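Look at the fold before you read on. Follow the chain from one end to the other, then use this report as a guide.

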Amino acid sequence: KGKNMPAIMPTHQTYTKRVNAMNARLAKGVHVAGLGAEELVRYQIMNELEGEPITGIYIARRNAKIMRRDMARYLKDRSQYTQSLGAASGYKAKQDMLAAKEARGGSLDRVYLYGSGWQWAEISSSMSPLPDTSSHPKDTVPNKIEEIYRFLRQADANALLAIFKKMDQAKGADELKKLHAQVDNFDSYIRPIVADIDAGFGDASSTYYLACKMIQAGASAIQLENQVSDQKQCGHQDGKVTCPRDEFLAKLRAVRLAFEAMGVPEGVIVARTDSLGAGLTQAIAPADSPFGKDYNKWLDMEAITKANPADDNDVLMQWEGKLTRPKRLPNGLFEFRKNTGADRAVEDMIFAFKEAGADLGWIETGAANLQEITELTSRIRKKVPGFMLAYNNSPSFAWTLNARQIVLKAWIAEGNKEAKNYPDPKDPAIGDKKYADTKLGRAAHEYITEFQKNVAKDACVFHNLITLPEHHVTGLRAQELARGYFGGKGMGAYVSLVQDPEFEGGYSSVVKHQWASGSDLTDHVKQATVGESANIAAGKHNTQNQFDAMLAVAGGKKKQRK
């Protein structure tokens, strides 16, 4: 380190000890351009993570350790599941973490981030909007992870600066001691991210290099699916094509190798199977593969006979002593037998854990059906007792309709007379709003509300996530505003739909857009470097002062409601 560079202080030192150490350093004549010890320490803290320099690798390793701790805790107590919301941008991730911390009383325990390839393709790539087909540039993935952590670093710095300002205004040693403790025990907004690598964006070596970039950006968990990379489809669309297990194994190994090579041995691998809804494969597993038979046995084959002879260009297989022809579509893809998806998905998960050392599973389902998920995971846990899932609580499901169908079918099966008051479960009319305030509507709403808790308890779901909230929330609110604004309501639409709810809810990080963008941090740098003559933004003519007054009123109402 250069002579005039502030030293990185040892990990786990308290604020007071750090200031004392810096004073001792300055007393030796180290020249820092007139900057004081406390000011230097504060800037160091705002650019560290728990006493360590912030790098993507450090973030990845630290967050992987958090995930490992949480996984161990969940295995002892299934009420301790984790949650995340998918973010396509650093701004959305920051809002999620700010809101979660407030909602959870100041703690981000068991709160994660999810990076969806679907959202990154549609919203965030240089070629967007694109569907979930891995068509977006592969560097979108590490770039978005780096962006998310850049925004969360700023959220930390903003929050710490607010504490430091309170220190400067503290009255008495007791108040100052409490503020020092807040810094020493600061709960960072930098949380673990489960990052989607799709099907690896190519072969195993491509998967390895991309995984390395993701880890360097801060990824602590990487999710890899068993679809074919160049045939990739959204997990909730038709036409999904899976790959033989040897190929999946090679890519899972590539992710593990990347974690080891980047110095993050604690990294978490999420192995995803799309087999439940996938009826196609691009390739037949080779005969000499130790895993080939278990994959090929599900192919839809027809026996070669005199009445059904082989033709030129046919692909033939010797199976159970008979010459067979796997059914192949005009596009060259092979079909699996109907209704084998559940069996294939179960085998995929057992394979991923036993052969590839996966840490979490992911079964892409077609609806949020507690019974279906529980049955699948029960079968898997007979072979893999410690099996845990990350589960996609997907916006691709029609939640209200599906929940009412599930509840109504259960009522019919148990002979509940209430079921006669509603249409047939197959009738989509039961999803109508008119059934909201009925016994069916209330029972379905409870099913939805309790769903995550129940899948965690019954179906070994360690991590509950929603993949696409940024698409839906941003689109919904933007369209509501645009309809009103351009539809004749002008600023009345903006104020009633946006600003008033911001004040009423006390969403200071949204209302105070100048502060959120880092204006206070910039002022602080100016004051530290220029001094009292600095031209700062936070003066009496800053219109943000109006917001502070309104937020204070909203805060008072909040306390009254509590």
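Start with helix α17, which spans residues 491–505 and contains M491. Helices (H or I, at least four residues) and strands (E, at least two) are DSSP runs, numbered from the N terminus. M491 also joins Y485 and F486 in a nonpolar surface patch, with about 380 Å² of accessible area together. Patch members have over 30% relative accessible area and no salt bridge (a side-chain nitrogen of Lys or Arg within 4 Å of a carboxyl oxygen of Asp or Glu). Like charges are joined within 9 Å, and nonpolar side chains (Val, Leu, Ile, Met, Phe, Trp, Tyr) within 5 Å. Areas come from the Shrake-Rupley method with a 1.4 Å probe; for residues, only the protein chains shown count as cover.

**How far to trust it.** This is a predicted model, where local features need pLDDT of at least 70, side-chain atom pairs count only at pLDDT 80 or more, and totals for chains, interfaces and linings use all residues. Residues are numbered from 1 along each chain as its sequence is written, and side-chain values use heavy atoms, with hydrogens and water left out. pLDDT is the predictor's confidence in each residue, from 0 to 100. The chain averages 91, and 96% of the residues score at least 70. Over residues 1–10, pLDDT stays under 50. Where pLDDT is low, the predicted coordinates should not be read in detail.

**Strand β8.** Is β8 mostly covered or mostly open? Mostly covered: six of its six residues, 268–273, are buried (under 20% relative accessible area; exposed is over 50%, partly exposed in between; 1.4 Å probe, protein chains only). In a regular strand the side chains alternate between the two faces of the sheet. Here V268, V270 and R272 point one way, while I269, A271 and T273 point the other way.

Two strands pair if DSSP finds at least two bridges between them. The table lists some pairs.

| Pair | Sense | Bridges | Partners |
|---|---|---|---|
| β6 (221–225) and β8 | parallel | five | E225 and R272 |
| β8 and β14 (360–363) | parallel | four | T273 and I363 |
| β9 (280–281) and β13 | antiparallel | two | T281 and F334 |

**A three-strand sheet.** An open sheet has the order β7-β9-β13, with mixed pairing. Strands β7 (241–242) and β13 (334–335) stand at the edges with a single partner strand each, so one side of each lacks a neighbour in the sheet.

**A loop residue.** N535 is found between α20 (519–529) and α21 (544–561). N535 counts as exposed because its relative accessibility is 65%.

Definitions and conventions. Contact means heavy atoms within 4.5 Å.
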